[in-house]
Amino acid sequence: PVPRPEIFRALRTVAPTIHMCNDAADPPWWPTLEEYNREDCFDVQVAIDGSYDCPIPTFKNGLVALTPIDVRPFQPKPWEQRDIKLGMIGGIGHTGRREIVQRLQGAGVLRFDEGPVGRTYDQMAAQLCDCKCVFNYGVTGSGARLQVKGRVVEAGFAGAVLFELAGSPARNWFTPDKDYFEYENAEGLIKLMSEVSDPELAVVAARLRVEVWKNHHPLVFWEKVLDKAGVILC
């Protein structure tokens with residue numbers, strides 16, 4: 001059950017409230033976001049999937065950012081000690097993602113273990129920190145749009161190179177071929193992996209790590225969000 005707008009408004013009389021939407025780029029969410037804005041349900045609405053192509057940026061109390069994550073589990077290995085050239089964690093889910101993952105696995109390029117279900121976040125972070133490169137296919141829940149998933153920021157904190165699907169709004173935040181690489185299909189990704197040298201990959205990984213620490217650390221995120229909500233930090 002979803003609380004009615006009057007319940008959200010009542011909560012605002014107790015303390016400032018913040019709505020964080022991780023699928024704001026997805027059209028099925030838009031009527032709800034519009035209703036929340038129209039009914040004055042929250043002090044701030046935050047699109048944490050990095051997309052400006054959604055209703056939230058048009059709201060007076062709207063903000064667009066990237067997923068705030070706990071950076072403590074990320075302890076990057078030295079580059080030369082990383083055992084995984086191109087890795088992926090999480091679930092396959094979307095059909096398009098499944099197809100490209102299977103093609104990359106078939107070519108012996110991608111290491112991906114979908115389980116175990118009970119794996120902790122610390123274990124997932126450790127695996128990312130063992131990757132030189134991280135594969136991502138950032139599609140929304142409905143599969144209709146592309147978004148900046150938390151995996152993008154996680155790859156940066158892990159000190160890995162991000163390979164992101166072309167057309168992703170990651171371009172709003174990072175520079176292709178400098179902070180990360182774009183691919184259009186499995187064949188393009190395989191070709192790119194063969195063309196970029198290991199030292200070049202290390203440079204791109206370092207650039208992405210600097211960017212996420214400087215601009216997308218959770219302290220940076222919460223300073224912006226709480227300031228928007230009118231909360232004064234002591």
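This report describes a three-stranded sheet, a pair of packed helices and several single residues in a predicted model.

## Basis of the model

The model is predicted, and local features need pLDDT of at least 70, side-chain atom pairs count only at pLDDT 80 or more, and totals for chains, interfaces and linings use all residues. Residues are numbered from 1 along each chain as its sequence is written, and side-chain values use heavy atoms, with hydrogens and water left out.

Helices (H or I, at least four residues) and strands (E, at least two) are DSSP runs, numbered from the N terminus.

## The sheet

Three strands make an open sheet with the order β1-β2-β3, and their pairing is parallel. Two strands count as a pair if DSSP finds at least two bridges between them. The edges are taken by β1 (18–21) and β3 (62–64), each with a single partner strand, so one side of each has no neighbour in the sheet. On average, neighbouring strands are turned by 20° against each other, direction ignored.

Strand β2 covers residues 44–47 and is joined to β1 by four bridges. Within this pair, H19 is opposite Q45 of β2.

## A helix on the sheet

Helix α8 (residues 218–228) packs on the sheet and touches β1, β2 and β3. Contact means heavy atoms within 4.5 Å. The direction of α8 makes about 135° with that of β1. For such values, axes are lines fitted to C-alpha atoms, for helices over the stretch in contact, and angles run from 0 to 180 degrees between N-to-C directions.

V225 is a residue of helix α8. Its relative accessible area is 0%, so V225 is buried. The cut-offs are under 20% relative accessible area for buried, over 50% for exposed, and partly exposed in between (1.4 Å probe, protein chains only). Apart from neighbours within four places in sequence, V225 is in contact with I18, V44, V46 and L63. V225 and V44 are 181 residues apart in sequence, but their C-alpha atoms are 7.4 Å apart in space.

## Two crossing helices

Two packed helices are described by the angle between their axes and the distance between the axes. For helix α5 (residues 150–157) and helix α7 (residues 198–215), the axes come within 7 Å and cross at roughly 110°. The two helices are therefore roughly perpendicular to each other. Angles of 65 to 115 degrees count as roughly perpendicular, those under 35 as roughly parallel, those over 145 as roughly antiparallel and the rest as oblique. The crossing of α5 and α7 is left-handed; this term applies if the near helix is turned anticlockwise from the far one by less than a right angle, and right-handed applies if clockwise.

On the α5 side, V152, V153, A155, G156 and F157 meet L208, R209, V212 and W213 of α7. By class, this contact has seven nonpolar, one polar and one charged residues. Ala, Val, Leu, Ile, Met, Phe, Trp, Tyr, Cys and Pro count as nonpolar, Asp, Glu, Lys and Arg as charged, and the others, Gly among them, as polar.

Helix α5 also holds E154, which counts as buried at 6% relative accessibility. Not counting residues up to four places away in sequence, E154 touches I69, F74, Y121 and L128.

## Positive phi in two loops

Most residues other than glycine have a negative phi. D40 has a phi near 55°, a positive value. D40 lies in the loop between α2 (30–38) and β2, and at 45% relative accessibility D40 counts as partly exposed.

D177 is not a glycine either, yet has a positive phi of about 70°. The loop between β7 (161–165) and β8 (181–183) contains D177. With a relative accessible area of 57%, D177 is exposed.
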